[in-house]
Amino acid sequence: MRPITCIILPTYNEVENIRWVVRAIFAQSEKIDSHDLHILVVDDDSPDGTHEEVRRMMGKYTNLHLITGEKKGLGEAYKRGMAYAISQFHPDLIFEMDADRQHDPEFIPIFNYLATHGFSLVIGSRFAPGGSTPNFSLRRKAISLLGNWMIRFLGGIPRIHDCTSGFRCIKASLIPRCNLSFLSTRGYSFQSSLLCELLRNGAKVIEVPIIFPDRIYGESKLSFKDQIEFLFNLAKIRFRQSEEFVKYCIVGVSGILVNLGMYITLTRLLYLPPPLSSPIAIETSIISNFFLNHLWTFNGRHNAKGLFKKITNFHIVAGIAGLSNYSVFILLINYIGLYDIIANLTGIALGTLINYFCNSLWTWRRIRADGPAN
Ligand SMILES: Nc1nc2c(ncn2[C@@H]2O[C@H](COP(=O)(O)OP(=O)(O)OP(=O)(O)O)[C@@H](O)[C@H]2O)c(=O)[nH]1
Ligand SMILES: [Mg+2]
C-alpha cells in the first residue's frame, strides 16, 4: 500500500466551486506515483448545500471524505480536519488548500514531490519572487503585505515571504508536535500561528511561487473581525517566541533560591564547613534547574538525546557560562574599573544568555521532522 496524501478542503458556501475543485484534484492523482490522494472536505453545515453536493460525489470518488460541523471559523475547521485525517487515514502528507479555485491543483504533484525530498513544509507563496496576486486591489495588497511583514519580524521568521498562505503541504508527523489548541480560530491568524508553530517544531521549509487569482464564484469570507483577531494574534505569537526564554529565566531565579536554601541548611543546621557546603549547594541548584527546564521550559521538544547525555551537557554549559560570567566580572573591575555590583550584573546577564542559547541549541536541540539532528 502506498502512503497517503490527504488534502483538507475547508468549505463554507462553496457549492459552485466544490465539484470543479474535487475533480481537478483527483485528476492530479495519475501524476503522483508515490502516494494515494485522498480529499477530506470539512464543511461547516453550509446553507448553500455544499455538503449535499460532496455526498453526491462520494459515490463516484471512493477517496473523497466529508466531515461537517458547526461554523466556528477556518482555523477550527482545519484543527478538526487535521485531527480527523491523522486518526482515520494516518497520512504521510497533509495539504491545506482553499476550495474556491484560487489555488491551482496543478501544483499538488510538485508540492508532494518536495515534501518527500528534503522538505517538511511546502508553502504556495504569493509573495516570494515569481509569485503574484494579479487581481488584488491596492488596499488588499497593502493589508496583506503589512500583515505578512509584521508576522515575519515579530514572529522571528524574516525569511518567509508568505506567512498567511492557505496552500501548503505539511509532513503529517509534524502536526502532533504542534500545540494546535494554542492556535487561533480564524483564517489569517490561524495560518500565521500554525506556520510559526511548525517552524518552532523543526519544519524544513520551501516556498514555491504561485499566482493567486481572484474568486470567480462565491464570496470571500475574510471579514473585519479576521483583521482584528490578526492584530491580537501578533501579540500572542510574539509572546510564544519568547516564552521559553522567560521560563528559563524564572528557573534561573528559582536556582538561586535553591542554592541559598541548601547553603543555609548545610551551614546553619548541619554545621558543615562553607567550602564544602558551597559546591553541594551549587550542584543541587544545577540539578534542580535541569529538571525544571526538562519538565517545563523545554517540555515538548523532540530530541533523541537520553537523560544522562542531557544532564552532562547541562553541566558543561553551566561550567562555560559560569567561567564567562567570572571572566567578564574580573575584566570589568580590573581593567575598566567598573563598580563591582554593575560588573557582576553584566557577567550574570552574559552568563544567562550563553546558558540559554547553548542549552536551547545543544542540550535540548530540536530534531527536524525529516530526520534526527543530534
Ligand atoms: N469549514 C469552513 N471553511 C471556511 C470558513 N471560512 C472560510 N472557509 C473556506 O476557506 C477557504 C478560504 O476562504 P476565503 O473566504 O476564500 O478566504 P481567502 O481565500 O483567504 O480570501 P479571498 O482571497 O478574499 O477569497 C474557502 O474554501 C472557504 O470556503 C469557515 O468558517 N469554515
Ligand atoms: Mg479565497
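**Reading a predicted chain, feature by feature**

Biologist: Asn 13 is found in the loop between strand E1 (4-11) and helix H1 (18-26). How are helices and strands numbered?

Modeller: Both are DSSP runs counted from the N terminus: H or I with at least four residues for a helix, E with at least two for a strand. This chain has 10 helices and seven strands. This is a predicted model, where local features need pLDDT of at least 70 and side-chain atom pairs pLDDT 80 or more, while totals for chains, interfaces and linings use all residues. Residues are numbered from 1 along each chain as its sequence is written, chains are lettered from A and ligands numbered from 1 in the order in which they are written, and side-chain values use heavy atoms, leaving out hydrogens and water.

Biologist: Back to Asn 13: what is its phi?

Modeller: Phi there is near 55 degrees, a positive value in a residue other than glycine. Arg 101 also has a positive phi, near 70 degrees, and sits in the loop between strand E4 (93-96) and helix H4 (108-114).

Biologist: Is Arg 101 buried or exposed?

Modeller: Buried is under 20% relative accessible area, exposed over 50%, and partly exposed in between (1.4 Å probe, protein chains only). Arg 101 has a relative accessible area of 24%, so it's partly exposed. Asn 13 is partly exposed because its relative accessible area is 24%. Ser 144, in helix H5 (residues 138-154), is at 10% and therefore buried. Of the chain's 374 residues, 47% count as buried.

Biologist: What does Ser 144 touch?

Modeller: Contact is heavy atoms within 4.5 Å. Leaving aside neighbours within four places in sequence, Ser 144 is in contact with Arg 126, Phe 127 and Phe 136.

Biologist: Which residues hold the magnesium ion (ligand 2)?

Modeller: Look for donors, meaning N, O and S atoms within 2.8 Å of the metal (3.2 Å for Na, K and Ca); water isn't among the atoms, so a site may look incomplete. Here they're Asp 100 (OD) and Gln 102 (OE1), 1.8 to 2.0 Å from the ion, and both residues are buried. Gln 102 is also touched by Asp 214, as is Asn 135, not counting residues up to four places away in sequence. Asp 214 lies in the loop between strand E7 (205-209) and H7, with its C-alpha 8.8 Å from that of Arg 101, though 113 residues separate them in sequence.

Biologist: And where does UniProt place "transmembrane region"?

Modeller: The unreviewed entry gives residues 245-264, 276-296, 316-335 and 341-358; positions follow the numbering used here, feature names are shortened, and annotations may be inferred rather than shown by experiment. Residues 245-264 are 100% helix, with end C-alpha atoms 29 Å apart. Residues 341-358 are likewise 100% helix, with the ends 26 Å apart.

Biologist: Which helices supply the lining of the largest pocket?

Modeller: Helix H7 (224-269), helix H8 (274-297), helix H9 (307-336) and helix H10 (340-363) each supply at least two residues, with H7 giving the largest share, eight. A pocket is an open set of points on a 1 Å grid over the protein atoms alone, where a 1.4 Å probe fits and protein lies on both sides within 12 Å along at least five of seven lines; lining residues have an atom within 4 Å of a point. This one is lined by 25 residues, with Gly 252, Ile 256, Asn 289, Asn 325 and Asn 355 nearest its centre.
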